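Dear colleague,

I am passing this structure on to you, as you will be working with it from here. Please have a look at it first, and then read the notes below it.

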Amino acid sequence: MTVNSPASRMGRPNNWEAILWHEFCHTITLTKTRNKMPRWLSEGISVYEERQEGGAWGQTMTPQYRELILAGKTTPVSKLSGAFLKPPTPMHLQFAYYESSMVVEYVVNRFGAEALKEVLDDLGKDVPINEALAKRTEPIDQLDQAFEAWLGERAEKLAAGADLERPKLDLDADSATMAKWNKDHPNNFWGLLGEGRALVAEKKWAQAKAPLQRAIELYPDCGEAGGPYVLLAAACRGLGENTAERGIAREARRAECGRDRAAITTGGVGGCGQELEG
């Protein structure tokens, strides 16, 4: 197996254990199928197995993925190989990894792990992937429709108490502008995050804490760079609250959205903080 060392990405070190787990899964599935499996299924199983082994490993739902799913931008299972061929952006390639892993999760949850193993056996016998899936699960057109509906339900449940509609405001809007907008949108995650970000930029450390804490309450699993935990830690640092800063850093790691593998694989970034970093 060939993998990047943990120090190869100085700004965001890799979790080498997760990478080794991912690559070891490839050796199992590629050997089982005699290298006769589509990339989407190979990557999908490896990312799925990451999530099964470590809660912070693999990829999970993000606001950006949620938007793609609810906008009908998922690739049908029957055409998933195409999602890896010419993705329009690095983020779309990340999404292909994520969607593939969710197909694996759906098949295992609904039809059982044995069905997936039988698909791998069929591939090793030169059965085309869509024929193997139809044989071991359900007709491929039905699988396409059922998976899309299931993934849409999962997307709707992300930060269910939060308003995830993006404000039609400049990303560099000042805190007063953001606060005014937030009065009419008190549960908007992006508005609260934007207000906190502006207050941190203005070094209004104490004032920044309230909107950022509220953003965390609405979306506690967003541990991305540029997200509410990082900004709240910066506010605590500005106030000299070192113990609180360390506690928030620990919470940020717990809430890590699982983008490490995607960034390592594609060289891209994604998730809750991307819009505010641009």
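What follows is a short account of what was found, going from the whole chain to single residues.

Please keep in mind throughout that this is a predicted model. The protein contains 14 helices and 0 strands, so that reading along the sequence gives the pattern α-α-α-α-α-α-α-α-α-α-α-α-α-α. Of its 278 residues, 50% count as buried, and the protein exposes about 13500 Å², of which carbon and sulfur atoms supply 52%. Among the contacts with a separation of 6 or more, 67% are between residues that lie 24 or more positions apart.

Turning to the interior, the largest nonpolar core has 65 residues, and those that touch the most other members are Trp40, Leu41, Met61, Tyr98, Phe147, Leu151 and Phe189. Helix 4, which covers residues 90-111, provides the largest share of this core, with 12 residues. Tyr98 is worth a closer look: leaving aside neighbours within four places in sequence, Tyr98 is in contact with Arg51, Gln59, Thr60, Met61, Tyr65, Ile69 and Leu151, and of these Met61 and Leu151 are also named among the core members that touch the most others.

A charged residue to inspect is Glu138, which is found in the loop between helix 6 (129-136) and helix 7 (140-156). Is Glu138 buried or exposed? Its relative accessibility is 9%, and because buried means under 20%, Glu138 counts as buried. The side chain of Glu138 makes a polar contact, at 2.8 Å, with the side chain of Arg110. Not counting residues up to four places away in sequence, Glu138 touches Tyr106, Arg110, Phe111, Leu133, Leu143 and Ala146.

On the surface, Met1, Trp16, Leu20, Phe24 and Ile28 form a nonpolar patch, and together they have about 510 Å² of accessible area. Phe24, one of these residues, is found in helix 1, which spans residues 16-32, and Phe24 counts as partly exposed because its relative accessibility is 44%, which lies between the limits of 20% and 50%.

Finally, Pro6 lies in the segment before helix 1 and is likewise partly exposed, with a relative accessible area of 29%. Pro6 and Glu17 are 11 residues apart in sequence, while their C-alpha atoms are 9.5 Å apart in space.

With best wishes

Notes: Residues numbered from 1 in each chain as written. Predicted model: local features only at pLDDT ≥ 70, side-chain atom pairs only at ≥ 80, totals over all residues. Heavy atoms only, no water. Core = buried A, V, L, I, M, F, W, Y, C linked by side-chain atoms within 4.5 Å. Buried < 20%, exposed > 50% of the residue type's maximum accessible area, 1.4 Å probe, protein only. Helix = DSSP H or I, 4+ residues; strand = E, 2+ residues; numbered from the N terminus. Contact = heavy atoms within 4.5 Å. Patch = residues over 30% accessible without salt bridge, like charges linked within 9 Å, V, L, I, M, F, W, Y side chains within 5 Å. Areas by Shrake-Rupley, 256 points an atom, 1.4 Å probe, with all protein chains shown as cover. Salt bridge = Lys/Arg side-chain N within 4 Å of Asp/Glu carboxyl O. Polar contact = N/O pair within 3.5 Å; in protein donor to acceptor, adjacent residues only side chain to side chain.
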